[in-house]
Amino acid sequence: MPINFHDRANRFTYANRNIDPAWIRFMEQEISWHGKRVVDIGCGGGIYTSELLNLGAKSVVGIDFSEAMLSVAKSEHKEIEFRNGDAYATGLQDCSFDLVFSRALIHHLRDLPAYFREVYRILKPGGIIITQNRTVADCHLPGSPDHLRGYFFKKFPRLQQIEKDRRHNHDKVVQALLQTGFTGIVSKSLWETRKTYATFEQFADEMRNRSGRSILHELTDGEIEELIRYIAAKVGTETPVTDRDRWSVWIAVRPE
Ligand SMILES: C[S@@+](CC[C@H](N)C(=O)[O-])C[C@H]1O[C@@H](n2cnc3c(N)ncnc32)[C@H](O)[C@@H]1O
């Protein structure tokens, strides 16, 4: 069953992680955040929303349609304004933001052009949309100690179809941006460490909680245990575990 973002039981799933310095460096290099009015759509627990302020943004608003997620974001990041809103209809004013960011949102949206139209509406002319997500190609890189997610699909091939159905491929994202009227489209790859675990058992416990990995909601508890044993056999259980993913980041401009 897909993850239910509105279930309070899942409210910490995107709340307790440290941001990879590689993500911060990437965002510093690619975007000028200083003095900008920014919105983070699908902000979850607000970890990245808060970091956008540290990157120099003048103000940041976090939008999410889940009160459960927002309740944690609000209590953890009191300096940020969080609002309940849908990605397709944020309730924000026309032409009011310099930058619109989203991370790990668009594979939860069926109608990508409708989302981009909403972003276009709230951006000022000259404003920039930054969309971070994984394509099917990103997800299906082979499993290795550096890319544990690849093992999920090797062990349970049916998960590949779920990703194919919900992920937008590169061409589709570019097409939808162009169709909306965005220009200057640039796409980049970013390797981001999700988390480093001091022991394999800590990693296994987080797998059992399905924390931060919505695809694991498609597996039963028994299958998760099988997957943990499978990964243990591949990477061993004696050394720290680093969980990294490759992401695609699309940057585009609303023309002046
Ligand atoms: C995978 S989480 C990512 C959270 C955060 N951006 C991060 O990277 O840690 C996706 C988030 O998008 C939110 N979301 C999904 N569909 C949405 C929609 N249609 N409108 C607003 N938020 C949505 C979910 O509630 C969830 O918090």
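These entries record what I looked up about the ligand and its surroundings in a predicted model.

Entry 1, location. I asked where the ligand sits, and I found it in the largest pocket.

Entry 2, neighbours. I listed the shell around the ligand, which holds 18 residues; Gly42, Asp64, Phe65, Ala87 and Arg103 come nearest. Sorted by class, I recorded 10 nonpolar, 5 polar and 3 charged residues in this shell.

Entry 3, polar contacts. I looked at individual atom pairs. At glycine 42, a polar backbone atom is 2.7 Å from a nitrogen atom of the ligand. At aspartate 86, a polar side-chain atom lies 3.4 Å from a ligand nitrogen atom. At arginine 103, an N or O atom of the side chain is 2.7 Å from an oxygen atom of the ligand.

Entry 4, burial. I noted that the ligand taken alone exposes 600 Å², of which the protein buries 97%.

Entry 5, annotation. I consulted UniProt, where an unreviewed entry carries the annotation "domain: Methyltransferase type" over residues 39–130. For residues 39–130 I recorded 32% helix and 30% strand. The C-alpha atoms at the two ends of this stretch are 10 Å apart.

Terms used
Residues numbered from 1 in each chain as written. Predicted model: local features only at pLDDT ≥ 70, side-chain atom pairs only at ≥ 80, totals over all residues. Heavy atoms only, no water. Near = heavy atom within 4 Å. Polar contact = N/O pair within 3.5 Å; in protein donor to acceptor, adjacent residues only side chain to side chain. Areas by Shrake-Rupley, 256 points an atom, 1.4 Å probe, with all protein chains shown as cover. 1 Å grid on protein atoms, 1.4 Å probe; cavity = no way out; pocket = protein on both sides within 12 Å on 5 of 7 lines; lining within 4 Å. Sits in = over half its atoms within 2 Å of the grid points. Nonpolar A, V, L, I, M, F, W, Y, C, P; charged D, E, K, R; others polar. UniProt positions renumbered as here; feature names shortened; annotations may be inferred. Helix = DSSP H or I, 4+ residues; strand = E, 2+ residues; numbered from the N terminus.
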